[in-house]
Amino acid sequence: MKRPRFVVGPPGTGKTHTFLLEKYREFFKKYDPDKIILISHTNVAVKQILNAAMDVPEIRERGYREKFFKDRICTIHHYCKKKLDRKEVFAEQDNEDFKNLCRIHVAFTYGKVGEDPYKDHPFFKFIKAAHGYERTLEDHWHHPNTNRLEYNPYTLLQIQELKRVYEQYKKDNNLYDFGDMIIEYNRRCALPEHDKTKIRPDIEVLMIDEAQDTNRPQLRAVFNMAKNIKDKHFYMIGDPDQTIFEWAGA
């Protein structure tokens with residue numbers, strides 16, 4: 001297994017805009033730019049890094065444009081989606097999928113719904129947390145660190161029933177959600193060598209920004225991505241004290 005180099009620092013120490021970008025600049029001159037991957041956990045963070053990278057003189061001088069970096073400076077879900085060649089993602093564009101679920105089963109309407117149901121709804125929060133910790137729904141419900149009040153008004157039985165409906169809806173409409181992408185990426189990396197659908201990572205340099213927000217399945221994916229890196233250039237950069245996704249297994 002490839003071991004990462006950990007870079008840890010509190011806010012204001014320049015983890016991202018000094019260390020990470022300087023390393024990226026260094027690697028851009030030495031390695032194939034197509035095989036340098038920089039992962040962060042939110043679209044906002046990715047956009048900030050991408051904007052900063054476009055200001056690097058070596059990148060401008062070699063004529064690279066922002067489009068080139070879209071699949072190389074990105075979120076882990078974007079990277080996995082690209083490798084899986086998936087196009088239809090549950091709730092990626094709007095909440096029409098959620099409205100359809102509410103029509104199928106009235107219990108979906110019980111939870112508080114914000115602008116983004118996939119992010120705010122207690123059912124989705126629960127299944128994402130269970131996925132992030134790699135627990136079954138029952139194990140996560142009964143885990144001593146689980147605050148079941150966060151998932152009101154649902155009971156475990158209701159969540160299990162809604163999960164069944166949700167999985168069937170995705171299957172019927174050929175949809176993946178973000179957790180599915182990570183699971184499928186890991187599954188295809190583990191396939192036998194003779195399988196034509198096996199994913200064979202060809203990354204030479206891998207950097208994970210805000211690494212403290214990587215949950216367990218994502219961490220497995222990160223290590224799969226790093227299988228063929230060059231010269232031990234596998235970096236995880238972050239600050240454990242700034243974790244914001246601990247509720248979901250980070």
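**Strands 4 and 5.** I looked up M207 and found that M207 stands opposite Y235 in strand 5. I am working from a predicted model. I then checked how strand 4 (residues 205-209) and strand 5 (residues 234-238) are joined: the two run parallel, with four bridges.

**The sheet.** Next I asked in what order the strands of the sheet lie. I noted an open sheet of five strands, in the order 1-5-4-2-3, with parallel pairing. Strand 1 (5-8) and strand 3 (73-75) are the edge strands, as each pairs on one side only. I also noted the turn between neighbouring strands of this sheet, which is 20° on average, with direction ignored.

**Helices on the sheet.** I looked up which strands helix 2 (residues 43-53) lies across. I wrote down strand 2 (36-40), strand 3 and strand 4. Helix 2 runs at about 175° to strand 3. Helix 5 (residues 76-84) lies across strand 2 and strand 3. The angle I noted between helix 5 and strand 3 is about 95°.

**Cysteines.** How many disulfides are there? I counted zero, taking a pair of cysteine sulfur atoms within 2.5 Å as the rule. For C74, the nearest cysteine sulfur is that of C80, 8.7 Å away, and C74 is in no disulfide.

I then asked whether C74 is buried or exposed. The cut-off for buried is under 20% relative accessible area. C74 has a relative accessible area of 3%, so C74 is buried. I did the same for C102: its relative accessibility is 18%, so C102 also counts as buried.

Key: Residues numbered from 1 in each chain as written. Predicted model: local features only at pLDDT ≥ 70, side-chain atom pairs only at ≥ 80, totals over all residues. Heavy atoms only, no water. Buried < 20%, exposed > 50% of the residue type's maximum accessible area, 1.4 Å probe, protein only. Pairing = 2+ DSSP bridges. Axes fitted to C-alpha atoms, helices over the stretch in contact; angles between N-to-C directions. Contact = heavy atoms within 4.5 Å.
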